[in-house]
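Hi there,

Here is the structure I promised to pass on to you. Have a look at it first, and then read on for my notes.

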Amino acid sequence: GRVAAPSGQVEISAGNGTVRVGRDARVSAGGRQPGSVQVGGADTRAVRVDGRVAARGRGDGARGGQVALQAGARVELRETARINASGPGGGGRILV
């Protein structure tokens, strides 16, 4: 599936459970203004990413946004995971 918020924010959490971004999943935010993607949080036990998570800037001079992957116990980035916070005007931030 796909979750997208052009020029906005995406937040996905699971309380005390596990958030999984599957191989066929894409989570993205960003456009001309930097977006942000938060996967998990302080109360989330674990995060597992197999798919794509992006906060890319698009358009002339747009900067990348912010991707944050947070869990209380474990953040797992699998071989097929792709994390992107790039932009033509410079990169954003990736926090794990």
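Below is what I found, going from the whole chain down to single residues.

Please keep in mind that this is a predicted model. The protein chain holds zero helices and 11 strands, and from the N terminus on its elements run β-β-β-β-β-β-β-β-β-β-β. The radius of gyration is 13 Å, close to the 12 Å that the globule rule gives for 96 residues, so the chain is as compact as a globular protein of that length. Along its principal axes, the C-alpha trace spans about 40 × 25 × 20 Å. The accessible surface comes to about 5500 Å², with 41% of it belonging to carbon and sulfur atoms. Of the 96 residues, 34% count as buried. If we take contacts between residues at least 6 apart in sequence, 73% of them join residues at least 24 apart.

Now to the strands. As a reminder, strands of a sheet pair through backbone hydrogen bonds, either parallel or antiparallel. Here, three strands form an open sheet in the order 3-6-9, with parallel pairing. Strand 3 (18-21) and strand 9 (74-77) stand at the edges with a single partner strand each, so one side of each is left without a neighbour in the sheet. From one strand to the next, the twist averages 5°.

Strand 3 is a good place to zoom in. Four bridges pair strand 3 with strand 6 (residues 46-49) in the parallel sense. Val21 has Val49 of strand 6 as its bridge partner, and Arg20 stands opposite Arg48 in strand 6. The side chains along strand 3 alternate: Val19 and Val21 point to one face and are buried, while Thr18 and Arg20 point to the other and are not.

There is parallel pairing elsewhere in the chain too. Strand 5 (residues 36-40) and strand 8 (residues 66-70) run parallel and are joined by five bridges; here Val37 stands opposite Val67. Strand 8 also runs parallel to strand 11 (residues 93-95), with three bridges between them. In strand 11, Ile94 is the bridge partner of Val67, so you can follow Val67 to a partner in strand 5 and to one in strand 11.

Which residues have the most contacts inside the largest nonpolar core? They are Val10, Val21, Val37, Val39, Val49 and Val53, in a core of 16 residues. The elements giving two or more residues to this core are strand 3, strand 4 (26-29), strand 5, strand 6 and strand 8. Val53 is worth selecting in your viewer: leaving aside residues up to four places away in sequence, Val53 touches Val21, Val27, Val37, Val39, Val67, Arg82, Ile83 and Asn84.

One last residue to look at is Thr44, which sits in the loop between strand 5 and strand 6. Is Thr44 buried or exposed? With a relative accessible area of 1%, Thr44 is buried, because the cut-off for buried is under 20%. Not counting residues up to four places away in sequence, Thr44 touches Ser13, Ala14, Gly15, Gly17, Val19, Gln70, Ala71 and Gly72.

Happy exploring, and do write back with any questions.

Best wishes

Terms used: Residues are numbered from 1 along each chain as its sequence is written. This is a predicted model: local features need pLDDT of at least 70, side-chain atom pairs count only at pLDDT 80 or more; totals for chains, interfaces and linings use all residues. Side-chain values use heavy atoms; hydrogens and water are left out. Two strands pair if DSSP finds at least two bridges between them. Axes are lines fitted to C-alpha atoms, for helices over the stretch in contact, and angles run from 0 to 180 degrees between N-to-C directions. The radius of gyration is taken over C-alpha atoms; the globule rule is 2.2 Å times the number of residues to the power 0.38. Buried means under 20% relative accessible area, exposed over 50%, partly exposed in between (1.4 Å probe, protein chains only). Contact means heavy atoms within 4.5 Å. Accessible areas come from the Shrake-Rupley method with a 1.4 Å probe; for residues, only the protein chains shown count as cover. A nonpolar core is a set of buried Ala, Val, Leu, Ile, Met, Phe, Trp, Tyr and Cys residues joined through side-chain atoms within 4.5 Å.
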